[in-house]
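Biologist: Could you take me on a close look at the empty spaces enclosed inside this protein, and at what lines them? I am new to this, so please go step by step.

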Amino acid sequence: MSTIPFNQPFAAGKEFEYIRQAIKNVHTCGDGPFTKKCHTFLEQTLGVDKALLTTSCTHALEMAALLLNVQPGDEVIVPSFTFVSTVNAFVLRGAYPVFCDVRPDTLNLDENKLEKLITPRTKVIVPVHYAGVGCEMDAIMEIAKKSGVAVVEDNAHGLFGKYKGKYLGTFACMATQSFHETKNFNCGEGGALLLNDPQYIERAEIIREKGTNRSRFYRGQVDKYTWVDIGSSYLPSDMLAAYLYAQLEVYEQIQAKRQQIWEYYYEHLQDWAEKYNVRFPIVPDDCEQAYHMFYILMPSLEKRQALIAHLKAQNIISAFHYLPLHLSQMGRQFGGKEGDCPVTEDVSDRLLRLPFYNDLTEADQARVVAAISEFH
């Protein structure tokens, strides 16, 4: 019996053709023709002031921390239920992480717990749109504005998802995207910084170009470029951008396929889930999800681990997800302890992600459903 992987990188069709073009262009390093195509596509489709491809979503978050002048002693509020990059980017600048629990329905940062975590040292709030379902951005932005705190959307899961009809990643002053091989649109490793406030654009270009004003030089605004600020090398190769552009230009077809996969699981596992007290993802009415993953919440850790083993015995690979950051080795160094984020601690033990990738066939999905339906 063939193995059904948890994830499988996807090629939409023109990736290799575009990579060959990138090589022929004799511009395989960063900010070549395909990088510019990706920038234009993201800016025009999402309506953001500026999009800048990066080597990863982690690096886009690091750029955000630099742009917001995060300093040692500043506090950054992050959900405990997220990937380590969300917090690491700010801790690298000396920030102190403050972990917020998540809502029991969407598993997004709980806006009702936010206000009491804000102190005079709070510099940034980083909501994460878990599974591509939007956080309660109206409430989060209102709290941040009242407190004079910046917001950075970690939208690694949520490209083309919407909250109240508006694209995720377009609410805060800046947002980050991921194009890692596990995401809806990928180039192996990659990311983007989305800027919704023009005041950050010029400095973002400088930081991304190793602290130089090289972008201004290429636009003919200065006759030579030099070191003007701190920065690093955050530009992906134009060959990676070529791979990514082949996927972005057919984004509607990719999203439609992922919606079909998500809805198949939802429809065919519903009776089993109700019978055995298993919870499905919850998508609020004012959210249009990005169809990034399909997860289930098992009744207990023991049941979750048993189902993983049951599926593996049938060559089907499933996966749990984030461990609570506040209980990690580093999280405890920052004062994290049991009971700080009870919802996170609970769902982390019970959540199971099913195989989900762009070219998952209906026959393989039927195998997954049949295997799960045998488990009780």
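Modeller: Let's start with the lining of the second largest cavity, which in this predicted model includes Asn7, Gln8 and Phe10 from early in the numbering. Further along the chain, Glu181, Lys183, Asn184 and Asn186 join the lining, and Gln247, Arg258, Tyr357 and Asn358 complete the list. Sorted by class, this lining has 6 polar, 3 charged and 2 nonpolar residues. The space they enclose has a volume of about 40 Å³.

How do we find such hidden spaces? Rolling a probe the size of a water molecule over the atoms shows where empty space is left. In this structure there are 5 cavities of 30 Å³ or more.

Now move to the largest cavity, which holds about 60 Å³ of space. Its lining includes the run Ala156, His157, Gly158 and Leu159, along with Gln177, Ser178 and Phe179. Lys183, Asn184 and Phe185 line the largest cavity too. If you look back, you will find Lys183 and Asn184 in the lining of both the largest and the second largest cavity. By class, the largest cavity is lined by 4 nonpolar residues, 5 polar ones and 1 charged one.

So which residue is the charged one in the largest cavity's lining? It is Lys183, because Asp, Glu, Lys and Arg are the residues that count as charged, and Lys183 is on the list of lining residues.

Key. Residues are numbered from 1 along each chain as its sequence is written. This is a predicted model: local features need pLDDT of at least 70, side-chain atom pairs count only at pLDDT 80 or more; totals for chains, interfaces and linings use all residues. Side-chain values use heavy atoms; hydrogens and water are left out. On a 1 Å grid over the protein atoms alone, a cavity is a set of points where a 1.4 Å probe fits but cannot get out, and a pocket is an open set with protein on both sides within 12 Å along at least five of seven lines; lining residues have an atom within 4 Å of a point. Grid points are joined across faces, edges and corners, and a volume is the space filled by probe spheres set on the points.
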